[in-house]
Structures are given as C-alpha cells and as structure tokens.
Amino acid sequence: MTDPLSGASKVLPSGSAQRGRRMSAFRGFSPLGSRAWRKIAIFFLGALAIIGLPAALFTVFFDQAVLVRRDVIYHINTPHNVVALTFDDGPSPEWTPRILDEFKKAGVKATFFMIGDHVKKYPDVARRVAEEGHEIENHTYSHPTLVFYTLDKLEREVRDTERAIRDATHRSTQYFRPPKAWLTATEKKKIEEMRYKTVSWTLNSKDWVTFDDKYMVKYIVRHVRSGDIILFHDSGGLFSTEGGDRHETVKTIQRLVEKLKKMGYQFVTLSELLSLEGHDT
Ligand SMILES: [Zn+2]
C-alpha cells in the first residue's frame with residue numbers, strides 16, 4: 001500500500017515510521033509540481049535581472065556619469081605626494097562631528113561640499129567644520145538633478161548655498177560640485193560665469209552603497225595616485241540627502257589615513273591641492 005501523496009510505502013523499516021509520516025505531511029502542503037516551481041524560479045531570476053542589472057550598471061558607471069568632462073577638475077598633475085579627501089551632502093548633526101573627531105585625531109584636513117539646506121538647518125555643525133580648519137565648498141541648496149533645471153534655478157541653488165555658508169561660517173566658496181556629477185555644457189558655462197570651478201573626483205569610495213570599510217580602504221589604496229581627489233559622504237542615504245549610515249565611512253578614515261601616510265601621502269584641502277598643480281617645489 002502506498003501513500004497517495006508521496007508514493008512512499010507505508011511499511012517502513014523500524015525507526016523511520018515517524019520520519020516517513022513527517023515527510024508525507026510536508027509534501028501534503030506542497031500543491032505545486034516541480035515544473036511550477038521552476039517557472040517561479042525563472043520568474044524571480046528574470047525579475048532580479050531586470051531590476052538588478054540596471055542598478056548594478058548604474059553603480060558601476062556612476063562615477064563616470066558626468067555629462068561634461070571638459071574643464072572639470074578630476075585630478076591634478078603634481079610631483080607632490082598629495083591627495084584631497086572630500087565629503088559631500090553634509091553637514092549632518094549625526095555623522096559630521098564623528099568624522100571631524102577622526103580628522104582631529106589624525107591631524108588631517110579635508111574639504112566638505114555642503115548642501116545649503118543642511119547648512120541652514122545645522123549651522124553649528126558647519127561652523128565647527130570651518131573652525132577646525134577644513135575647507136567648505138558648494139554642493140547646491142537642495143541637491144537636485146541639475147540637468148532638468150533652468151539656468152535661473154541653477155543660479156539660485158548656488159547663490160542660496162553661498163549665502164547659507166557665509167552666514168554660518170563667514171567663509172566664501174570657490175568650487176562647485178554638482179549633485180551626482182551631472183551637469184550640462186550650458187550649466188557648466190553658467191557656473192564658470194559665476195566664478196566657480198567645477199570639481200568632480202578621481203576615486204569614488206561609494207560609501208553610500210559599500211558597507212565595508214576594509215573594502216573601501218583596499219580599493220583606494222590599490223588605485224590612488226598623487227593629485228587624486230577622493231569622494232566620501234558625511235550624510236545621505238541611498239535615496240535621500242539626510243541620514244544614511246556612515247559608520248563605515250567613519251571607520252574608513254582612520255584606516256585609510258594610516259595606510260596612505262605609510263605610503264608617503266600627505267593630505268591637503270582642495271584649494272591647497274590646486275595650488276600644487278605642476279609645481280616642482
Ligand atoms: Zn551629493
């Protein structure tokens with residue numbers, strides 16, 4: 001006699017009767033045949049490919065997504081062993097102070113491309129960045145995708161940020177980094193007319209998607225060259241400009257600074273880096 005569902009014999013060897021019953025019961029809850037399961041698996045794999053592939057490509061090509069590369073500062077040629085660490089999207093009341101603490105311990109200065117709206121919300125944090133000798137630059141007021149903006153709106157984004165930074169820190173800004181590094185040729189010209197230089201980066205830590213400080217350090221140490229500009233974030237999640245988890249970024253600083261110092265690198269701010277361009281002494 002056989003079980004109608006499992007096909008297993010009811011006459012089981014001693015000790016396996018219990019197990020046999022459990023198997024039959026389990027199979028009893030499985031109304032789908034193996035073909036149906038295969039179809040479901042194919043469906044999920046297909047969905048993963050449709051969603052995952054563009055996401056992976058976007059991540060891989062993200063740091064090459066600048067619409068205009070001409071006259072944008074990515075890297076400088078210099079005989080000096082120097083690199084500039086840059087931090088976007090802050091200030092953040094949660095993460096910027098921890099990052100500043102790390103820099104204080106390491107005796108290193110960095111450059112912060114701030115969002116005007118965040119400066120307005122957290123002027124004390126912005127002030128601390130300035131007081132501790134770091135450089136502050138312009139990363140728009142609301143972090144929009146500028147390629148869809150009119151030149152008037154672009155100008156407002158930059159000027160409002162300039163004002164917020166000046167009010168909070170008494171500092172002026174001279175470098176502009178467009179959100180996601182997206183900018184049209186016309187917009188870049190407008191930025192130049194406003195006496196700003198557009199700055200991108202050489203190495204992207206991808207700290208907004210990479211949740212491992214060791215990986216970030218390894219990637220940077222392997223690719224770094226003198227005159228590089230390295231991108232980090234002191235705020236922002238995957239789809240927002242605030243919040244996010246920057247634990248790994250905080251951890252990365254200490255490890256990276258130690259490693260790069262051993263390799264003979266010095267850390268400079270962006271304007272210091274540009275002043276060393278092509279200089280032999
Ligand atoms: Zn940004």
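**Exercise 1. Find the partners of Ile 230 and place the residue in the core.**

Start with contacts, skipping neighbours within four places in sequence: Ile 230 then touches Val 83, Leu 85, Thr 86, Trp 201, Thr 202, Leu 203, Ser 205 and Ile 220. Keep in mind that you're looking at a predicted model.

Next, look at the largest nonpolar core, which has 51 residues. Ile 230 is among the three members that touch the most others, along with Met 114 and Ala 126. Now ask which element gives the most to this core: that's helix 6, with five residues.

For the wider setting, the protein has ten helices and eight strands. Of its 281 residues, 35% count as buried. Take the contacts between residues at least 6 apart in sequence, and 76% of them join residues at least 24 apart.

**Exercise 2. Work out which side of helix 8 faces inward, and what covers it.**

Step one is to pick out the buried residues of helix 8 (residues 213–223): Asp 213, Met 216, Val 217 and Ile 220. Step two is to see how they're spread around the axis. Their arc is only 95 degrees, so they sit on the same side of helix 8. The spacing rule helps here: an α-helix has 3.6 residues a turn, so residues three or four places apart point the same way.

Step three is the face turned away from the buried side, where you'll find the exposed residues Lys 214, Arg 222 and His 223. Finally, check the cover: strand 6 (203–204), strand 7 (228–233) and helix 9 (247–262) are included in what lies over the buried residues. One of those buried residues, Ile 220, already turned up as a contact of Ile 230.

**Exercise 3. Do the same for helix 7, then follow the chain out of its end.**

The buried residues in helix 7 (185–193) are Glu 187, Lys 188 and Ile 191. They span an arc of only 100 degrees around the axis, which means they share the same side of helix 7. On the other side, Ala 185, Thr 186 and Glu 193 are exposed. The buried set packs against helix 6, strand 4 and strand 5.

Is Lys 188 really buried or exposed, given that it's a lysine? Count the neighbours. It has 22 other C-beta atoms within 10 Å, and the cut-off for buried is 20 or more, so Lys 188 is buried. Its C-alpha atom is 7.3 Å from that of Thr 198, ten residues apart along the chain.

Now move on to Arg 195, which follows helix 7 and has a positive phi, near 65 degrees. Arg 195 lies in the loop between helix 7 and strand 5 (197–198). With 8 C-beta neighbours inside 10 Å, Arg 195 counts as exposed.

For a contrast, go to Ala 181, in the loop between strand 4 (175–176) and helix 7. Its phi is also positive, near 60 degrees. This time the residue is buried, with 24 other C-beta atoms within 10 Å.

**Exercise 4. Describe how helix 5 and helix 6 pack.**

Two packed helices are described by the angle between their axes and the distance between the axes. For helix 5 (residues 123–131) and helix 6 (residues 151–169), the axes come within 8 Å and cross at roughly 75 degrees. The two helices are therefore roughly perpendicular to each other.

Then list who meets whom: Pro 123, Ala 126, Arg 127 and Ala 130 from helix 5 face Ile 165, Ala 168 and Thr 169 from helix 6. Sorted by type, that contact has five nonpolar residues, one polar and one charged.

**Exercise 5. Find what brings Gly 236 and Asp 89 together in space, and inspect the loop holding Pro 91.**

First locate Gly 236: it's in the loop between strand 7 and helix 9. With 23 C-beta neighbours inside 10 Å, Gly 236 counts as buried. Beyond its neighbours within four places in sequence, Gly 236 contacts Asp 89, Trp 208, Thr 241, Glu 242 and Gly 244. The pair with Asp 89 spans 147 residues along the chain, yet the C-alpha atoms are separated by 6.3 Å.

Last, turn to Pro 91, in the loop between strand 1 (82–88) and helix 3 (96–106). Check the peptide bond joining Gly 90 and Pro 91: it's cis, with omega about 0 degrees.

Conventions:
Residues are numbered from 1 along each chain as its sequence is written. This is a predicted model: local features need pLDDT of at least 70, side-chain atom pairs count only at pLDDT 80 or more; totals for chains, interfaces and linings use all residues. A residue is buried if 20 or more other C-beta atoms lie within 10 Å of its own, exposed if 12 or fewer, and partly exposed in between; C-beta atoms are placed from the backbone. Helices (H or I, at least four residues) and strands (E, at least two) are DSSP runs, numbered from the N terminus. The arc is that of the directions from the helix axis to the C-beta atoms. Two residues are in contact if their C-beta atoms, placed from the backbone, lie within 7 Å. Axes are lines fitted to C-alpha atoms, for helices over the stretch in contact, and angles run from 0 to 180 degrees between N-to-C directions. Angles under 35 degrees count as roughly parallel, over 145 as roughly antiparallel, 65 to 115 as roughly perpendicular and the rest as oblique. Ala, Val, Leu, Ile, Met, Phe, Trp, Tyr, Cys and Pro count as nonpolar, Asp, Glu, Lys and Arg as charged, and the others, Gly among them, as polar. A nonpolar core is a set of buried Ala, Val, Leu, Ile, Met, Phe, Trp, Tyr and Cys residues joined through C-beta atoms within 7 Å.
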